[in-house]
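Trainee: I'd like a close look at one part of this protein, with its surroundings worked in as you go. Could you walk me through it at bench level?

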Amino acid sequence: MMAAMSSLPTTPDRNLALELVRATEAAAIRATPFIGRGDKNGADGAAVDAMREFLGTVDFAGVVVIGEGEKDEAPMLFNGEEVGTGNGPACDIAVDPIDGTSLTALGRRNAISMIAAADRGAMLDAHTVFYMEKIVTGPEGVGVVDLRQPIGENIRALAKAKGKAVEEISVGVLDRPRHEQLIAEIRAAGAGTRLLLDGDVAGGIDAASYAGRLDMCVGVGGSPEGVATACAIKALGGLIQARLAPKTDDERQHGTDAGLKFDHVYTADELVKGDNTFFVATGVTDGNLVDGVRRLGPVIRTESIALRARSGTIRHIRADHLVEKWL
């Protein structure tokens, strides 16, 4: 025991995730009145305002490398916006005050508020291209699964690596018309699909988690979500690969002008450099990753997850907030 204790660091460095989680908690709480009300922009606007306010109290010099809102002209924390007190570490951040605004508006599961952070200059700035093709698995997929392979081959390889029958493999895919062929190929390979209405960040983390319900998450989703997911996957030891998917020639040109590579498979280390990455998320509605916000008499209860790659630590945080402080 003494030998083990002597190996611990005598001056532990700072876990920024434990401070950033206050901002995702605030965003989730402020979005709660909009759950099931059909107003996704109202929910996003309330979450953005709360997240911006609380980020302003964190001792760091943050720059929003990837913000939310450009895809659908919703309220946003804009790219290049400086957040934090300006004191402390210089960081890139990727934010999504609500990953799943439609889920929130419709009262459906798996909406979260999330922030990812890394050292300044570490994150791939892919804001000029809104979508990317992604594949995410747990540690068993490292060196086994490859985005360039047909999905059937990846499913069979992952099943073998995990010691499971192909029929036991569950693959998360966003339920979109663009994925009809992909879904058909997954089922033809013998695996089952779990169609995600929205929120592929939560789906990717679920696929990479040892206790997750998914084995793999694939398909075309948001570039901001891809970079943020990479921060989480580094803490989980899983695999993420991505390939940019521009919708127009103009978007491809904007990406090329920004130095992005097309027809190239980005690895986790290319999406986010180094191991000093943080990821935090708070549930807005109940989901597989975290439970949503709920009112319990005099308190509002939130559930969050905080991941740090450098230490390989995953924390589940349940917090009770006095209603009188919020309402």
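Which residue just after α8 takes a positive phi?

Mentor: That's Gly237, with a positive phi of about 75° just after α8. Keep in mind that this is a predicted model.

Let's stay with α8 itself for a bit. The helix has 14 residues, and from its first C-alpha to its last it reaches 20 Å, close to the 20 Å expected at 1.5 Å a residue. It's also mostly covered: 14 of its 14 residues are buried. Take Pro224, which lies in helix α8. With a relative accessible area of 11%, Pro224 is buried, because the cut-off for that is under 20%. If you leave aside its neighbours within four places in sequence, Pro224 is in contact with Ile66, Gly67 and Phe130. Look at the first of those partners on the screen: Pro224 and Ile66 are 158 residues apart in sequence, yet their C-alpha atoms are 5.6 Å apart in space.

Now for the empty space that α8 helps to line. The count comes to two cavities of 30 Å³ or more, and the largest cavity has a volume of about 100 Å³. There are 14 residues lining this largest cavity, and the closest to its centre are Lys134, Val136, Asp200, Cys217 and Gly219. The elements that give two or more residues to the lining are β5, α7 (200-208), β8 and α8 (223-236). Of these, β8 gives the most, with five residues. By class, the lining of the largest cavity splits into seven nonpolar, four polar and three charged residues.

There's an open site to look at as well. The second largest pocket has a volume of about 260 Å³. Its lining includes Leu236 and Asp206, along with Ser209, Tyr210, Ala211, Gly212 and Arg213. Further along the chain, Asn288, Leu289, Ile305, Ile314 and His316 also line this pocket. The classes here come to six nonpolar, four polar and two charged residues.

One of those pocket residues gives you a handy distance to try. Ile314 and Lys325 are 11 residues apart in sequence and 28 Å apart in space, C-alpha to C-alpha. Lys325 lies in helix α11 (residues 323-326), and at 64% relative accessibility it counts as exposed, since the cut-off is over 50%.

Back to β5 and β8, which we met at the cavity, as they also lead to another helix. What covers the buried residues of α5 includes β5 (131-137), β6 (170-174), α6 (180-188) and β8 (216-222). The buried residues of α5 are Ile151, Gly152, Asn154, Ile155, Leu158 and Ala159. They cover an arc of only 160° around the axis, so they sit on the same side of α5. The length works out too: the 12 residues of α5 (residues 151-162) should span 16 Å at 1.5 Å a residue, and the end C-alpha atoms are indeed 16 Å apart. Just after α5 comes Gly163, with a positive phi of about 70°.

While we're on positive phi, check two residues that aren't glycine. Asn110 has a phi near 75°, a positive value in a residue other than glycine. You'll find Asn110 in the loop between α4 (101-106) and β4 (112-119). Asn110 is partly exposed, with a relative accessible area of 22%. Then there's Asp263, another residue other than glycine with a positive phi, near 55°. This one is in the loop between α9 (249-257) and α10 (268-271), and at 69% relative accessibility Asp263 counts as exposed.

One last glycine, this time in a strand. Gly62 is found in β1 (residues 61-66) and is buried, with a relative accessible area of 1%. Setting aside neighbours within four places in sequence, Gly62 is in contact with Glu81, Glu82, Val83, Cys91 and Arg120. For a distance to try here, Gly62 and Gly88 are 26 residues apart in sequence and 9.4 Å apart in space, C-alpha to C-alpha.

Key: Residues numbered from 1 in each chain as written. Predicted model: local features only at pLDDT ≥ 70, side-chain atom pairs only at ≥ 80, totals over all residues. Heavy atoms only, no water. Helix = DSSP H or I, 4+ residues; strand = E, 2+ residues; numbered from the N terminus. Expected span 1.5 Å × (residues − 1). Buried < 20%, exposed > 50% of the residue type's maximum accessible area, 1.4 Å probe, protein only. Arc of directions from axis to C-beta. Contact = heavy atoms within 4.5 Å. 1 Å grid on protein atoms, 1.4 Å probe; cavity = no way out; pocket = protein on both sides within 12 Å on 5 of 7 lines; lining within 4 Å. Points joined across faces, edges and corners; volume = space filled by probe spheres on them. Nonpolar A, V, L, I, M, F, W, Y, C, P; charged D, E, K, R; others polar.
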